[in-house]
Amino acid sequence: MKASVWLTILEAIAVTAAPPSRRQIGNFESVITITDFVTDTATVTVFQQTDNSPPSIPPALENTSPLATNSLVLIPITLITTGGIFFGSVSTSTVTPSVSVITTSASSGTAQILPTLSTTNPNTSGTVITSLNTTGVPTSAPLISTSISTPSTTISPTAPVTSPTSSVEPGMTSQNIFQPVATDAPPSVIGRRTDHPVPRLGIQPQSAPIGTNKFYDNFFLGSQTAATWTHPYSIAWSRGNGAAKSWGMTITHIDNDQKAYGPDPAANPVRYFANPIGIQSLALSASELGESTTISMDSLTAFSANINLSPGAGAAPVITFPLVQGMGFVTGIYTGGTPILQSGVFFRSITRASTDPKPGVTKYTILLEDGKTWLLYAYSTDAAGLEFTVVNPGLAQATSNFNGVIQIAKNPGDAESLFDAACGAYATTATVSGSTNGSVASYTLSFSKGGLADTTLAMFALPHHVQSFAPRTSSVMTDVQLTTTTKGIATAVAADSWTMEEILPTTMGFAPWSSQNGNERATFSSSAAAAIQSIAASEVSQDMSAQSNLDSMYFSGKALAKFAGIVYTLHDLVGDKALAQAGLSNLKDAFARFTSNTQAFPLVYETAWGGIVSSASYVTGNSGVDFGNTYYNDHHFHYGYFIYAASIIGYLDPSWLPENKAWVNALVRDIANPSPSDSYFPVSRNFDWFNGHSWAHGLYESFDGKDQESSSEDSMSAYALKMWGRTIGDANLEARGNLQLAITARALQNYYLYTTGILFENKIDHTTYFGTNIEFIQGIHMLPLLPSSALTRTRTFVQQEWDIYFSNGRVDTAEGGWKGVLYANLALINPQASWQFFIQPGFDVNWLDGGASRTWYLALSAGLGGA
């Protein structure tokens, strides 16, 4: 059944919303959100948001006024009914401008030039979110603050002493070290359920589990309108909001001069810098999309996802956006829809090139009212060109429907030849592979592509990639660069794959390790060993079971890791194997509570997303309990402590491994599954092999993107993977842990260890979720102090940090366990002073985090040369 109708395209109704001035942001500014439109009367309902709450949908930003002319554009459309779903098949038609557009022709192309704006201001400022969204994030400190009394008696050494002779034969690394840890179901002791509190909005069925800490997650969370950052671009579903009023996908790139600094922009240093959100430089849409538009996702992997826009529920997509980290173009794949190009910044001119860059590729140059230039390429397999007619400063519409690819890229001034060469091809996904040769590793990001098969991709690399590029990849770097929001300058690379090289910390073990000589120190002077033994005898006698029997996987893991370090120190560094053996027995008993899954909130494997979570939120209904573990917050922190503790237990007693290896491996697979061959867990839940570090932020919508607070616990998790791989003889796992640790060190030194408190995809804020004391802000990037700390935290950085914040006695103003953290960190540059602090006769045990020990801090400082 067909019916001929007319589609009325009304000019977007502007809404006034005064944003704060750039670089002069103080406290969180309230945001105006548009909630309803009535097209005949242009009625708008506006709500003022309360302070300190994140926007629920992208705000309407900047002072705008209705355009001067209110002409209507009438386009004939044929509606076809299929199962009650209508979609448009648009024939070629005439699009009439509603403003006076001047068309000029030259040898380079035909330009449509807009009149000078008189009553309308382009939206170029956006809104900056300066508060912290604490949804799902407890505001308690990550220290165990429960008072721990000194035991009245010490445990008795175990006799006879049995020295462990490892029954685990070290394996050989594979040609590709990204081999699965296991592929069977998680141990049955871990319960199973099919539900999860967070719905999978718009996700199409797929066999692989879904990444819960990935860059694209905002598209299936909350309002589904928060942005995704692929670097250097950000992409968001406009959903009819913002200055462009588009129902398509908005595309934004932020330059450094648009960043906001605060709260006092004149301070040096400032507390934060943030990038404005809601600037809709361009929006790629279709005339078929409107208020009934739905968004869906498919083909979600560790590096990519397809985002689909359909005209209504159940209708086929009219545009699919393949999102891949580092993509050089934002690509929209059209399947018969009529392309619409919109802008909240407004067009100054749109020029169609007279010469196509390639056969079948149409090219446009778009100059916006902010003076920035974008390039648009349209490629169709049937060689059909694409003609855009400018309707008004915010809208250009194609004169026909389109089956093909539209690609958009920002031209910083020197990129036209690169994009001309790369147009027509687009990345569809990526995979990572790697190999090792002794202490040298290489890893490769390989990009799959669609479109023109004989065209080389243009992709953007981040600074830590560029620093480690293998010579062949370095040779195909270009001079084209664009800024990113929080990762410095991205450099365009003309290649379908990149190879990076890293030096691995293969000599690092459980003992204190120095990055200066690359070796661990496992022997102390007799006097130092005696002093440590005396303290360790008391600490190993504490009630391990009680201290680890907590209602938090995070704090329980910290407690177990603490005692594992004490037992290891006694056994290997001090040489009191009998006392270590007694402590190890107690540690295994405490650990057994978790391998039997009888802790306060047992773990469950849930199949909705595919992962192992605490049952705490299921039981309590609180999304933030245990730092949001049930919602996939901080899994690499929580489980990393367990994996580290298990690696020491298994090292000291290999006979413990057969009964417990599968349980620990399940945690490894949850946070760091390396292969799609393991169908029970997403590939690399936490570590981002593109960004070079992990994301702690789980299934919570965030308008500043994913974030991570504790960079040191990130590196701890990589170190734990490395050591567990060594303990069980999994050479591939050990190699991946080494590689991940080396990449993390490089990334932290590029993106974290200069000012960061919390690193978001869209901003950096020198603060914490639990307070603004300087020992909190800096200390969260110190704990736990481990051998890997000397790799990730360079001596230069630690010295500068100490001089700026803690020297001249200021360290002693820190209270509680933070004081111990700061003095343990001091061992990295002044191990003698660190040793003297922890060995002092009047040492107060309240200076210790309940998840840390005086024994290990003394061993660390002694091993680094303090005694």
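Q: How many helices and strands am I looking at in this protein?
A: The protein has 18 helices and 40 strands. Keep in mind that this is a predicted model.

Q: And what share of the residues is buried?
A: Of the 867 residues in the protein, buried ones make up 63%. For contacts, look at sequence separation: among those between residues at least 6 apart in sequence, 71% join residues at least 24 apart.

Q: Let's try strands. How do the strands of a sheet pair in general?
A: They pair through backbone hydrogen bonds, and the pairing is either parallel or antiparallel. Take strand β21 (residues 361–368) and β22 here: they pair in the antiparallel sense over seven bridges. To fix the register, find L367, which stands opposite T373 in β22.

Q: What do β21 and β22 form, and how many residues lie between them?
A: A hairpin, with four residues between the two strands. Have a look at G371 in that turn, where phi is positive, at about 85 degrees.

Q: Which other strand pairs with β22?
A: Strand β25 (residues 403–411) does, again in the antiparallel sense and over seven bridges. Here the register can be read from Y377, which stands opposite Q407 in β25.

Q: Is strand β22 largely enclosed or largely open?
A: Count its buried residues, taking buried as under 20% relative accessible area. In β22 (residues 373–379), six of the seven residues are buried, so the strand is largely enclosed by the rest of the structure.

Q: How do I read a whole sheet, say the one with the order β26-β27-β31?
A: Start with the strand order and the sense of pairing: this is an open sheet of three strands, with antiparallel pairing. Then pick out the edges, β26 (425–437) and β31 (497–503), each of which pairs on one side only. Next comes the twist: on average, neighbouring strands of this sheet are turned by 15 degrees against each other, direction ignored.

Q: How many bridges join β26 to strand β27?
A: Twelve, between β26 and β27 (residues 440–451), and the sense is antiparallel. Within that pair, G434 stands opposite Y443 in β27.

Q: Which helix packs on this sheet?
A: That's helix α12 (residues 731–751), which touches β26, β27 and β31. Its direction makes about 95 degrees with that of β31.

Q: What is the strand order in the open sheet of five strands?
A: It goes β12-β13-β40-β39-β38, with antiparallel pairing. At the edges sit β12 (260–262) and β38 (707–708), each pairing on one side only. Inside the sheet, strand β39 (residues 758–760) and strand β40 (residues 763–765) run antiparallel and are joined by two bridges. One spot to check is I758, whose bridge partner in β40 is D765.

Q: On to helices. At what angle do α6 and α9 pack?
A: Compare the two axes. Helix α6 (residues 553–574) and helix α9 (residues 635–652) make an angle of about 25 degrees, and their axes are 8 Å apart. Angles under 35 degrees count as roughly parallel, and α6 and α9 are therefore roughly parallel to each other. As for handedness, α6 passes α9 in a left-handed crossing. By class, their contact has 16 nonpolar, five polar and two charged residues.

Q: Are α4 and α18 roughly parallel or roughly antiparallel?
A: Use the angle again: α4 and helix α18 (residues 854–866) pack at about 155 degrees, with axes 8 Å apart. Anything over 145 counts as roughly antiparallel, and α4 and α18 are therefore roughly antiparallel to each other. The crossing of α4 past α18 is left-handed. On the α4 side the contact is made by I532, I535, A536 and E539, and on the α18 side by R854, T855, L858, A859 and A862. Sorted by class, that gives six nonpolar, one polar and two charged residues.

Q: Is A536 buried or exposed?
A: Check its relative accessible area, which is 0%, so A536 is buried. A536 has its place in helix α4 (residues 526–539).

Q: Which residues does A536 touch, leaving out those up to four places away in sequence?
A: It touches I566, L570 and T855. A536 and I566 are 30 residues apart along the chain, yet their C-alpha atoms are separated by 6.5 Å.

Technical notes: Residues numbered from 1 in each chain as written. Predicted model: local features only at pLDDT ≥ 70, side-chain atom pairs only at ≥ 80, totals over all residues. Heavy atoms only, no water. Axes fitted to C-alpha atoms, helices over the stretch in contact; angles between N-to-C directions. Parallel < 35°, antiparallel > 145°, perpendicular 65-115°, else oblique. Left-handed = near helix turned anticlockwise from the far one by under 90°. Nonpolar A, V, L, I, M, F, W, Y, C, P; charged D, E, K, R; others polar. Buried < 20%, exposed > 50% of the residue type's maximum accessible area, 1.4 Å probe, protein only. Pairing = 2+ DSSP bridges. Contact = heavy atoms within 4.5 Å.
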